[in-house]
Amino acid sequence: MAGCNSLPDSGPTEAQVKHAQHDPKKNNLGYGIVQVSPELIALLQSKAPPLFSSFDIATAGLSHASNDTVGPGDVLQISIYEVGSALFSPSSASMAASSASGTNTTPSSSTASSLPLVTVDGSGNIEIPFAGQIHVTGMTTNDVSLAITARLKQKSMAPQVVVRIVSDIANSVMVYGGVRHPSRITLTPNQERILDVIALAGGEDHTTQSDEDYTVRLIRNEQVAELPLKTIENDPQQNIVMQPGDRVQLVFQPRSYTVFGASGQVTQTQFSTPTLTMAEAISRVGGPIDSRADPNAVYLFRFENADVLRSLGMPIDENATTGPIIYKIDMMNPSNYFLADKFMMRDRDLIYVANASSNKFYKFFGLISTLVSPGITAAWIAK
């Protein structure tokens, strides 16, 4: 037995993992071991990041923005058409002087004047000569035209105003990260969706990589959601309509997991699919090896979200965002295969298949056989 303990091994047994959990010297991270169960699966699903479609559900009672309203930072081009003596015409001053001197000057039928570009200030106001300050945030260009016209009616003959947005800041989204042309994308009444704005920013910057390697992060009203790009492409409900002020980040991050212990292959493997379950992850590396694995003890190591750890009753610092935890599943229980098919893998997860407690004995027996076998063979030949 002493000889067995001195033999090399690929990792701890189930008993050694349990013992290390309760040893403060070995468990200096303070991890806990939690059995995979239907309740745990439900908890993890409830704490999962929100889908993009949930953003639309949250605003289901509100109509989508028309994307043609004015807001702070917008630059407007304003043209004013007047009949008779024009307020904004360069000749209006000379015409007024001629009238004062008694000279009869026949005014032109109409005069068109374009004001210098006007920027909407931080309070949502613009300043128009002879009309004063006008609050325009939330107005369409037609509404702004009517508001300026109403102010000028008492000072000009039949004024007509045309307003055009030259630089549209209020109706735009920021697209950045792993796109070819990070930029501010102006939204239109056509109601662009999330895949549209990514395409308008040039699409992925690594065209040779699979779409599964890209994650889309959407920030809206201080809420953050992340989804693989492939999921959005495959699920039209996640390709939601953009709203002014949204921020879209495309992140190139090939997701992978690592497998150690008594498995068919010790390796780091990429997901290569939008989602991956524990059952699929284990099967990709050949599963537990019959000759030396303990299927009763398959572990998944993860830095879990703090909210999940608190829900499981794990001690964790109040300022921490994540903490270490080990999930255990017994693959000798047939019902647990259903759970393994529901347990979702995450980037950087680590799976460890424990060694069987009898593994060292068989190694020792094999070593003795290797040493004795040549002698037995030689004795047989000598006979």
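Here are some notes on this predicted model, going from its largest pocket to its sheets and then to a few individual residues.

1. **The largest pocket.** A good place to start is the largest pocket, which holds about 1300 Å³ of space. Its lining counts 38 residues, and those closest to the centre are Pro49, Met344, Met345, Arg346 and Asp347. If you are setting up a view of this region, these five residues mark the middle of the pocket.

2. **What lines the pocket.** Sorted by class, the lining has 23 nonpolar residues, nine charged ones and six polar ones. Which elements supply at least two residues each? They are helix 3 (38-46), strand 10 (214-220), strand 11 (223-228), strand 15 (293-305) and strand 16 (322-329). Strand 11 gives the largest share, with five residues.

3. **The five-stranded sheet.** Strands 10 and 11 of the pocket lining also belong to an open sheet of five strands, ordered 9-8-12-10-11, with mixed pairing. The edges are held by strand 9 (183-186) and strand 11, each of which pairs on one side only. On average, neighbouring strands in this sheet are turned by 20° against each other, with direction ignored.

4. **A pairing inside that sheet.** Strand 10 runs antiparallel to strand 12 (residues 247-252), and six bridges connect the two. If you would like a residue pair to check the register by eye, Thr215 has Val251 of strand 12 as its bridge partner.

5. **The turn with Glu222.** On the way from strand 10 to strand 11, the loop between them contains Glu222. The phi angle of Glu222 is near 65°, a positive value for a residue that is not glycine. Is this residue buried or exposed? Glu222 has a relative accessible area of 80%, and because the cut-off for exposed is over 50%, Glu222 counts as exposed.

6. **The six-stranded sheet.** A second open sheet has six strands in the order 1-16-15-17-13-14, and its pairing is mixed too. Strand 1 (33-35) and strand 14 are the edge strands; each has a single partner strand, so one side of each lacks a neighbour in the sheet. The twist from one strand to the next averages 25°. Strands 15 and 16, which also contribute to the pocket lining, pair in the antiparallel sense over eight bridges. Within this pair, Tyr299 stands opposite Lys328 of strand 16.

7. **Strand 13 and its two partners.** Strand 13 (residues 256-261) has five of its six residues buried, so the rest of the structure largely encloses it. With strand 14 (residues 267-270), strand 13 forms an antiparallel pair of four bridges, and a hairpin of five residues joins the two strands. Thr258 stands opposite Gln268 in this pair. Strand 13 also runs parallel to strand 17 (residues 350-355), again joined by four bridges. Here the bridge partner of Val259 is Ile351 in strand 17.

8. **Helix 2, seen by its two sides.** In helix 2 (residues 14-21), the buried residues are Glu14, Val17 and Ala20. They lie on the same side of the helix, because they cover an arc of only 130° around its axis. The spacing fits a familiar rule: an α-helix has 3.6 residues a turn, so residues three or four places apart point the same way. On the other side of helix 2, Ala15 and His19 are exposed.

9. **Glu14 in more detail.** Glu14 belongs to helix 2 and deserves a look of its own. Its relative accessible area is 18%; buried means under 20%, so Glu14 falls in that class. In sequence, Glu14 and Asn355 are 341 residues apart, yet in space the C-alpha to C-alpha distance between them is 7.4 Å.

10. **Ala158, another positive phi.** Ala158 is part of strand 7 (residues 157-167). The phi of Ala158 is near 50°, again a positive value in a residue other than glycine. With a relative accessibility of 47%, Ala158 is classed as partly exposed. If you go through the backbone angles, Ala158 and Glu222 can be viewed one after the other.

Conventions
Residues are numbered from 1 along each chain as its sequence is written. This is a predicted model: local features need pLDDT of at least 70, side-chain atom pairs count only at pLDDT 80 or more; totals for chains, interfaces and linings use all residues. Side-chain values use heavy atoms; hydrogens and water are left out. On a 1 Å grid over the protein atoms alone, a cavity is a set of points where a 1.4 Å probe fits but cannot get out, and a pocket is an open set with protein on both sides within 12 Å along at least five of seven lines; lining residues have an atom within 4 Å of a point. Grid points are joined across faces, edges and corners, and a volume is the space filled by probe spheres set on the points. Ala, Val, Leu, Ile, Met, Phe, Trp, Tyr, Cys and Pro count as nonpolar, Asp, Glu, Lys and Arg as charged, and the others, Gly among them, as polar. Two strands pair if DSSP finds at least two bridges between them. Axes are lines fitted to C-alpha atoms, for helices over the stretch in contact, and angles run from 0 to 180 degrees between N-to-C directions. Buried means under 20% relative accessible area, exposed over 50%, partly exposed in between (1.4 Å probe, protein chains only). The arc is that of the directions from the helix axis to the C-beta atoms.
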